[in-house]
Amino acid sequence: MAKKSVKVEFFVPAPACACTGAAFIRDMEKITRLDMIMDELAKDFPQAEIVRHDMVDESGVTESLKLLAAYLREAGEEEFASRIAFSMRNVLPAVAVNGRLVVYGQMPELKEVAEAIEAA
């Protein structure tokens with residue numbers, strides 16, 4: 001029996017400006033950890049489509065914000081969703097599996113994302 005495809009979306013925060021010092025380093029550490037989680041999931045779940053939405057990528061940030069706002073609304077977070085451009089620091093990083101938020105506003109744990117993939 002073939003395994004069905006699962007879409008795993010990572011909404012990656014833009015790092016603070018390098019001029020902010022410690023905040024920039026913390027942001028870069030988070031992004032590095034997210035990259036490691038994505039790599040591990042791609043290895044453990046080859047059937048999964050790993051999608052990275054970089055909030056620093058100006059060419060795709062509007063569509064990524066709309067998508068994240070839709071996921072937040074579905075999760076009952078209307079206030080964050082309606083003010084998504086101003087809420088990014090509160091809701092990022094975020095991870096969705098097949099269009100449902102697994103975690104937002106904090107670093108995901110590999111185990112919780114893996115469990116959501118297995119359940120999908």
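**Notes on the sheet, its helices and the cores**

1. Let's start with the sheet: 4 strands make an open sheet with mixed pairing, in the order β2-β1-β3-β4. Two strands count as paired if DSSP finds at least two bridges between them, and helices (H or I, at least four residues) and strands (E, at least two) are DSSP runs numbered from the N terminus. The edges are held by β2 (48–54) and β4, each with a single partner strand, so one side of each has no neighbour in the sheet. From one strand to the next the twist averages 20°.

2. A word on the source: this is a predicted model, in which local features need pLDDT of at least 70 and side-chain atom pairs count only at pLDDT 80 or more, while totals for chains, interfaces and linings use all residues. Residues are numbered from 1 along each chain as its sequence is written, and side-chain values use heavy atoms, with hydrogens and water left out.

3. Do have a look at the β3–β4 hairpin. The two strands run antiparallel and are joined by 4 bridges, β4 covering residues 100–104. V97 stands opposite R100 in β4. There are 2 residues between the strands, and N98 takes a positive phi near 50°.

4. Two helices lie across the sheet. α2 crosses β1, β2, β3 and β4 at about 110° to β1, whereas α5 lies across β1, β3 and β4 at about 175° to β4. Axes here are lines fitted to C-alpha atoms, for helices over the stretch in contact, and angles run from 0 to 180 degrees between N-to-C directions.

5. The largest nonpolar core (buried Ala, Val, Leu, Ile, Met, Phe, Trp, Tyr and Cys residues joined through side-chain atoms within 4.5 Å) has 19 residues, and V8, F10, L41 and I117 have the most contacts inside it. At least two residues each come from β1 (6–12), α1 (22–44), β3 (94–97) and α5 (110–119). The largest share, 5 residues, is from α1. Beyond its neighbours within four places in sequence, F10 is in contact (heavy atoms within 4.5 Å) with residues including L34, L41, I50 and V95.

6. Helix α4 (residues 84–91) has I84, S87 and V91 buried, meaning under 20% relative accessible area, with exposed over 50% and partly exposed in between (1.4 Å probe, protein chains only). Seen down the axis, the buried residues of α4 fall within an arc of 60° (taken from the directions from the helix axis to the C-beta atoms), so they line one face of the helix. The face turned away carries the exposed A85, F86 and R89.
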